[in-house]
Every structure is written in C-alpha cells, then in structure tokens.
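Visitor: Please give me a close look at how the helices pack in this model. Take it step by step, and keep it short.

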Amino acid sequence: MPKITRRRLLLTGAGAVIILGGGWGLTREPKQARAPWRQASDGFGDPRLDVLAYAILAPNPHNMQPWRIRLNGDDSFTVFCDLNRMLPETDPPNRQITIGFGCFLELVRQAAAEKGFSTEIEYFPEGEPFPLLDQRPIAHVKLIEDMPAREPLFSEVLSRHTNRLVFDTAQTPSGDVLAAITSVASPSVFSGASSDSQLVQNLRDLTVDAWRVEWATPRTRRESIEVTRIGKSEINEKPYGLALAGALMDALKTVGLLTTEKMDEAGTTAYQQGQLFYEKACETAMAYAWIKTAANTRRDQLETGRAWVRMQLAATGRNLAFHPLSQALQEFPEMHEHYQRVHTLLGASDGETVQMLVRLGYAGAIPPAPREPLTSKLIEG
Ligand SMILES: Cc1cc2nc3c(=O)[nH]c(=O)nc-3n(C[C@H](O)[C@H](O)[C@H](O)COP(=O)(O)O)c2cc1C
C-alpha cells in the first residue's frame, strides 16, 4: 500500500488523492457493510427470514434502520421500532421514521409474494402511538402460503438506491415516465409528479433554502453529522447512518481534512463542502414527485411509505434517479416558513400533509448504502 502522508495530500490537493493508486482505491469500498445486498437472495432456511432479508433493504431516514423483529410461532413476526434510532431534531413527530416502516412493510409483502406467500399485515395491533412512537409494535405480519400473484416491481429491489449525485440537466423525464411512476402509488395517498419548468424552478429554490436552514441550525446539522460515517473502516464497523465511502473520502479523513468535527465547524472546507454538495444536487432536479395524504395519522404515514417505495422501484425500472428532499417537510420551528411554502406550491388544501418530495432526473450509478446484518435485527421474547 503506498504511503499517504498528510503533507503529500495537502501539497497536491484532493484531485491527486484519486491518482494515489488503484490498489489502494479498490480496497476502500466497504464491502462488508454492503453484504446484506448480496446475501438477500441466499436462502436462510425460514421463509420469514428470506422475506426479511429483502425488507431490511428498504429506504429509511438517515439509514437508521430502526426495525426490530420478533419471530412468533412458525409463520408470523412482529415489527417494533428501536427507539434508540430516532431523529428527534429533524423528525420531531417520528413521521419520517414511520414512513420508513411503510417502505419496509411493502418490501415484506413483495418479497413474500415472490416466494409464494401472501401476507396479513396488521398495523399497530396495540394502537397507534401518538404523539411519538413507543415500545408498542408497528405491525404484526403473518405469511400464508397460497401462491399469490407476484409483484412486477420486485425485480428492482436490489437495484433501488437513493441517488444524491448531480443530475444531467440536458435530460428531462418524459410525461409518460412520470405518469408510470405515480400510477403505482396506492389509492390511499395522493401522488403527483411534474416537470413543469416554473414549478421545478420554484421547488429547486425552495429545497435549497430549506436545506440551508437544516445545515445552518446547529442541532439539526449535528444530528446528521453524528450518524455520518467516513471511510471504509467506520462504515463497516457501524453500517447504519449516512456513509461517505470511497478512496477520496478515506484519504481526506486520513489527513484530517474531513472529519465529523470539521463538518460541524462553520468556515472549514468540510462544512462548506457538506452544504454545497447537497445544494448542487438540489439545483439539478429535472422533475419532482410527491405524496400528499388527507390526514396525517400513523396509518397514513405507513401508506405513504408503501407508495413511496413502489414509486421508487418504478423509477428504478426506468433508469430514473430518485432523491427524496425532505427538509422543507420537517416539523421543527425554524423550518416553518418553508413547510408552509411547500404545502402552498404543491396545492395542499387545508388539513392535507405533504409527506414526500423527491427530485427526479438522470444520473450516474451509485453503490448500495450500508445495511446491518439481518441477524442483528432479530429480538427474543
Ligand atoms: C422518510 C424518508 C425521508 C428521507 N429523506 C431524505 C432526504 O431528505 N435526503 C436524502 O438524501 N435522503 C433521504 N432519504 C433517503 C435515505 O437517506 C435512504 O433511504 C437511506 O440512506 C438508505 O439508502 P438507500 O435508499 O440507498 O438504500 C429519506 C428516506 C425516507 C424513507
């Protein structure tokens, strides 16, 4: 392995880091943290585990993977929320975390159908937790071996990834593609999508403004930074949270230019780059999709998640990059103005809640986000 000194990196700049040698670069991918994506199609000797191996690949806020599963008897399981995996600053009412469980349950259903089982899913069997999630179950799931129709979207599960790259500003998704994405959402939510240039510009401005608020507010910025893992070893060690992977990230960390402390310190390059990378991404949105619900019950949030992942799988099947931008939808006081703005822009009438906003466009491929092993998600009792 070539020796990388702080001095050499500082002298030659970040660009040179990439040239430091393929051998070093190739070994910087956190392979272990991505293993659950490769292992999902392995047999686990129990259909519930075979199904759950796919469900843990569901999109979820900050990749906190808050699911805990208790197997019951030989055909059922109960899903709980790990209350240590919440995001109280950016998600004070646990709305986004609940949406993530909706994504999870939809993948349970799809994977079960693939394996010949239909599912009986009972939401909140001991009552809807309000104002916050608690130790009561999110859902009870029973598998029934009756060979239901398979779900066509399932073929995209292993290719679905949140794409935060800048999008190609020369390519706009067609009306047909947008219609195909909204058409797979369930009737229990209102889904929409548009590439109208005025709306796109308004939403670009809004999402940049909202992001600046989240980044400039110390406690919300810190909440993300505290679960940011930089470089291969840290990502493999803690395969949940936000991952900055790859040779460049590892090298910048090695020389002390990119650390979580620096990211949290206004005026440093790490702080500025943290802000800019997301801004640049927001500015290249070529279309948007969204989900609204008439009310905002826990059930609405689960239904949102189910529709969300279906829309993302439909986008994946059409090579469309899909990047949720949730900042303006967040319920902390400093965001209030942008929360109102997004509801107005998307025509949410009184009482309706915008649950999801996603930028769409065409972009390069990205690797899978880390996942904790399925076995670490099983609980006894
Ligand atoms: C409710 C919800 C809100 C999310 N909001 C954002 C967001 O604002 N910005 C973002 O970059 N990703 C967002 N994501 C995507 C997650 O960060 C992503 O699913 C997670 O890191 C796992 O990565 P993966 O989707 O590639 O598997 C959100 C996901 C969910 C379910």
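Guide: Start with a cut-off. Two axes count as roughly antiparallel when the angle between their N-to-C directions is over 145 degrees. Keep in mind that this is a predicted model.

Apply that to helix α8, residues 197-216, and helix α15, residues 336-345. Their axes cross at roughly 160 degrees and come within 10 Å. That angle is over 145, so α8 and α15 are roughly antiparallel to each other. The handedness of this crossing is left. On the α8 side, the contact uses Asn202, Leu203, Leu206, Asp209, Ala210 and Val213. On the α15 side, it uses His338, Arg341, Val342 and Leu345. Sorted by class, the contact of α8 with α15 has six nonpolar residues, two polar ones and two charged ones.

Stay on α8 for one more residue. Arg212 sits in this helix. Arg212 counts as partly exposed because it has 16 C-beta neighbours inside 10 Å, and the partly exposed range lies between 12 and 20. Follow the chain from Arg212 to Tyr278 and you cover 66 residues. In space, the two C-alpha atoms are 9.4 Å apart.

Now move to α6, residues 95-114. Take α14 as the partner, residues 298-317. The axes of α6 and α14 are 6 Å apart, and the packing angle is about 55 degrees. That falls between the parallel limit of 35 and the perpendicular range that begins at 65, so α6 and α14 are oblique to each other. Their crossing is right-handed. From α6 come Arg95, Thr98, Ile99, Gly100, Phe101, Gly102, Cys103, Leu105, Glu106 and Leu107. They meet Arg298, Gln301, Leu302, Glu303, Thr304, Gly305, Arg306, Trp308, Val309 and Arg310 of α14. By class, the contact of α6 with α14 has eight nonpolar, six polar and six charged residues.

Next, pair α6 with α5, residues 47-55. These axes come within 8 Å and cross at roughly 135 degrees. An angle of 135 lies above the perpendicular range, which ends at 115, but is not over 145, so α5 and α6 are oblique to each other. This crossing, too, is right-handed. Val51, Tyr54 and Ala55 represent α5 in the contact. The α6 residues they meet are Phe104, Leu107, Val108, Ala111 and Ala112. By class, that contact has eight nonpolar residues, with no polar and no charged ones. Leu107 takes part in the contact with α5, and Leu107 also appears in the contact with α14.

The helix α6 has a further role in the layout. It gives the most to the shell around the ligand, with four residues. Strand β9, residues 321-324, is also among the elements that each supply at least two. In total, 18 residues surround the ligand. The closest are Pro59, Asn63, Thr162, Ser326 and Ala369. By class, the shell has seven nonpolar, ten polar and one charged residues.

One of those closest residues, Asn63, deserves a pause. Asn63 belongs to the loop between α5 and β1, the strand at 67-72. Its phi is near 55 degrees, a positive value in a residue other than glycine. Asn63 counts as buried because it has 20 C-beta neighbours inside 10 Å, and the cut-off is 20 or more.

Now go past α6 to the loop between β3 (118-123) and β4. Phe124 lies in this loop. Phe124 is not a glycine, yet its phi is positive, at about 40 degrees. With 18 C-beta neighbours inside 10 Å, Phe124 is partly exposed. Pro131 is in this loop as well. The peptide bond between Phe130 and Pro131 is cis, with omega about 0 degrees.

One last stop follows β4. Ala170 lies in the loop between β4 (139-144) and α7 (175-183). Ala170 is exposed because it has 7 other C-beta atoms within 10 Å, and 12 or fewer makes a residue exposed. Ala170 and Thr284 are 114 residues apart along the chain. Their C-alpha atoms are separated by 9.9 Å.

Definitions and conventions:
Residues are numbered from 1 along each chain as its sequence is written. This is a predicted model: local features need pLDDT of at least 70, side-chain atom pairs count only at pLDDT 80 or more; totals for chains, interfaces and linings use all residues. A residue is near a molecule or strand if its C-beta atom, placed from the backbone, lies within 6 Å of it. Ala, Val, Leu, Ile, Met, Phe, Trp, Tyr, Cys and Pro count as nonpolar, Asp, Glu, Lys and Arg as charged, and the others, Gly among them, as polar. Axes are lines fitted to C-alpha atoms, for helices over the stretch in contact, and angles run from 0 to 180 degrees between N-to-C directions. A crossing is left-handed if the near helix is turned anticlockwise from the far one by less than a right angle, and right-handed if clockwise. Two residues are in contact if their C-beta atoms, placed from the backbone, lie within 7 Å.
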